[in-house]
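Let's take a walk through a protein chain, one stop at a time. Keep the 3D view open and find each place as we get to it.

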Amino acid sequence: MGIIEKIKEIEAEMARTQKNKATEYHLGQLKAKIAKLRTQLLEPPKGTSGAGEGFEVTKFGHGRVALIGFPSVGKSTLLTMLTGTHSEAASYEFTTLTCIPGIIHYNDTKIQLLDLPGIIEGASEGKGRGRQVIAVSKSSDIVLMVLDASKSEGHRQILTKELEAVGLRLNKRPPQIYFKKKKTGGISFNTTAPLTHVDEKLCYQILHEYKIHNAEVLFREDATVDDLIDIIEGNRKYMKCVYVYNKIDVVGIDDVDKLARQPNSIVISCNLKLNLDRLLAKMWDEMGLVRVYTKPQGQQPDFSDPVVLSADRGGCTVEDFCNHIHRSLVKDVKYVLVWGTSARHYPQHCGLAHVLHDEDVVQIVKKKEKNDGEGRGRFKSHSTAPARISDRQKKAPLKN
């Protein structure tokens with residue numbers, strides 16, 4: 001029996017099992033088994049060597065955005081509208097067969113937009129090059145899920161289920177669970193919050209399913225069984241997702257209003273070029289890019305070429321800003337002067353731990369170079385005169 005058949009068999013057993021207090025331990029073990037099998041499904045088959053079949057797209061710009069959706073929902077048209085890069089669009093499905101990149105120039109930054117082939121139900125199991133599409137989306141900073149406003153809401157649930165099956169968690173934060181494997185000592189279970197979904201016995205059973213008998217587990221919040229399994233697996237990626245409803249020109253105004261009021265959603269029309277500016281603004285807010293401008297000492301700030309930082313790509317502190325310019329700069333920094341919304345007054349003397357905001361201006365003050373062991377004036381540690389008398393320079397004879 002293959003891995004896919006085992007997963008379907010366990011899912012069928014979970015569907016026919018009643019959910020109550022007596023069966024929660026059994027259901028927890030079944031969820032752990034499914035998670036293990038899905039991890040095996042993502043691993044490359046044994047005996048293969050070299051690179052697999054994927055989309056070779058080099059990272060470019062300050063951020064990467066992936067377009068994901070069913071075939072014929074307007075992904076290629078949206079890429080052409082936003083970037084100017086031509087992506088073939090036609091009235092039949094699967095027009096796009098490979099990954100097509102484009103560049104969005106927005107707020108002095110360059111954002112890479114990837115048009116991926118449409119995925120179908122069963123993509124997490126490899127149908128329709130689904131694994132390659134999802135692998136590229138894992139390397140992006142944010143996902144734009146393009147949906148057809150005229151179709152049912154079930155499409156969004158199917159796509160979310162397919163992405164969660166391969167370890168992508170959309171619009172979620174990592175659970176507050178501390179987990180560490182140990183060599184000896186057994187399983188140590190502690191909690192700092194009242195738990196309603198997991199107890200000590202269920203935690204032990206899930207860890208034994210993974211053949212873990214020595215570990216330290218600490219719950220800092222009321223987490224579920226799925227959260228515990230995600231922490232044990234350790235290969236989950238938590239990403240932001242914006243749901244983009246296209247083709248609003250073919251539905252009624254009441255349906256458009258209902259879709260627009262959903263969280264993390266935005267409605268557009270590529271055909272009539274409606275609401276594309278708000279889509280870019282929403283994408284910018286979700287990515288959380290921070291533009292920092294440099295100011296040379298005694299000169300005006302350079303507003304033409306900002307240093308772009310991100311919380312997902314390194315961080316937004318002064319130390320990250322210095323590392324972005326050059327790795328050796330941090331050792332020479334004495335302090336920095338900051339103008340902008342992150343400063344309490346202008347300019348503010350800040351250290352390396354100061355968190356920068358968007359459109360801040362930074363001036364770096366470096367340490368002065370001095371010779372080791374030398375003081376100033378009468379505090380000099382040694383004389384500058386030569387050590388031997390023979391090395392002294394004789395004064396020129398006086399002229400009569």
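What share of the contacts in the chain with a separation of 6 or more is accounted for by residues 24 or more positions apart? That share is 64%. Keep in mind that what you're looking at is a predicted model.

## The whole chain

Start by zooming out. The chain has 400 residues, and 41% of them are buried. As for the fold, you can count 11 helices and 15 strands.

Now for the outside. The chain's accessible surface is about 23,800 Å², and carbon and sulfur atoms make up 50% of it.

## Helix 6 and its buried side

Helix 6 runs over residues 200-209, and among its residues L202, C203, I206, L207 and E209 are buried. These five span an arc of only 155° around the axis, so they sit on the same side of helix 6.

Just past helix 6 comes K211, with a positive phi near 60°. Another stop in this helix is K201, which lies over the face of Y25, 4.5 Å from the ring centre. There's a similar arrangement to look up at Y210: K36 lies over the face of that ring, at 5.9 Å from its centre.

## E221, tucked into a loop

Next, go to the loop between strand 8 (215-219) and helix 7 (225-233), which is where you'll find E221. Is E221 buried or exposed? E221 counts as buried because its relative accessible area is 17%, and the cut-off for buried is under 20%.

So who does E221 meet there? Setting aside neighbours within four places in sequence, its contacts are R173, P175, Q176, A193 and L195. With R173 there is a side chain to side chain polar contact of 2.8 Å. The side chain of E221 also reaches the backbone nitrogen of Q176, at 3.0 Å.

## Two loop residues: K172 and H86

K172 is in the loop between strand 5 (168-170) and strand 6 (177-181). Its relative accessibility is 46%, so K172 counts as partly exposed. Beyond its neighbours within four places in sequence, K172 is in contact with E164, Y238 and M239. The side chains of K172 and E164 make a polar contact at 3.4 Å. Now try K237: it's 65 residues from K172 along the chain, yet their C-alpha atoms are separated by 9.6 Å.

H86 is in another loop, the one between helix 3 (75-83) and strand 2 (100-106). With a relative accessibility of 66%, H86 counts as exposed. Apart from neighbours within four places in sequence, H86 touches T80 and I100. From H86 to P101 is 15 residues in sequence and 9.8 Å in space, C-alpha to C-alpha.

## Rings that pair up

How many aromatic pairs does the structure hold? There are 3. In one of them, Y106 and W284 have ring centres 5.9 Å apart and planes at 65°, so this pair is edge-to-face. Y106 is in strand 2 and W284 in helix 9 (residues 276-287), so the pair links distant parts of the chain, 178 residues apart. W284 is buried, at 9% relative accessibility.

Another pair is F189 with F219: the ring centres are 5.6 Å apart and the planes are at 50°, so this pair is tilted. F189 is in strand 7 (residues 187-191) and F219 is in strand 8, so the pair ties together parts 30 residues apart in sequence. Both F189 and F219 are buried.

## Some unusual backbone spots

Here's a bit of background for the last stops. Most residues other than glycine have a negative phi, and most peptide bonds are trans.

N107 has a positive phi, near 55°. N107 is in the loop between strand 2 and strand 3 (109-115), and at 30% relative accessibility it counts as partly exposed. K273 isn't a glycine either, and its phi is positive too, about 55°. You'll find K273 in the loop between strand 10 (265-267) and helix 9, where it counts as exposed, at 60% relative accessibility.

Finally, look at the peptide bond from Y346 to P347, which is cis, with omega near -15°. P347 is in the loop between strand 13 (333-339) and strand 14 (348-350).

Definitions and conventions:
Residues are numbered from 1 along each chain as its sequence is written. This is a predicted model: local features need pLDDT of at least 70, side-chain atom pairs count only at pLDDT 80 or more; totals for chains, interfaces and linings use all residues. Side-chain values use heavy atoms; hydrogens and water are left out. Helices (H or I, at least four residues) and strands (E, at least two) are DSSP runs, numbered from the N terminus. Buried means under 20% relative accessible area, exposed over 50%, partly exposed in between (1.4 Å probe, protein chains only). A polar contact is a pair of N or O atoms within 3.5 Å; within protein, one must be able to donate a hydrogen and the other to accept it, and residues adjacent in sequence count only if both atoms are side-chain atoms. Contact means heavy atoms within 4.5 Å. Accessible areas come from the Shrake-Rupley method with a 1.4 Å probe; for residues, only the protein chains shown count as cover. The arc is that of the directions from the helix axis to the C-beta atoms. Rings of Phe, Tyr and Trp (its six-membered ring) pair if their centres lie within 6.5 Å; planes under 30 degrees apart count as stacked, over 60 as edge-to-face and the rest as tilted. A charge sits over a ring if NZ of Lys or CZ of Arg is within 6 Å of the ring centre and within 35 degrees of the ring normal.
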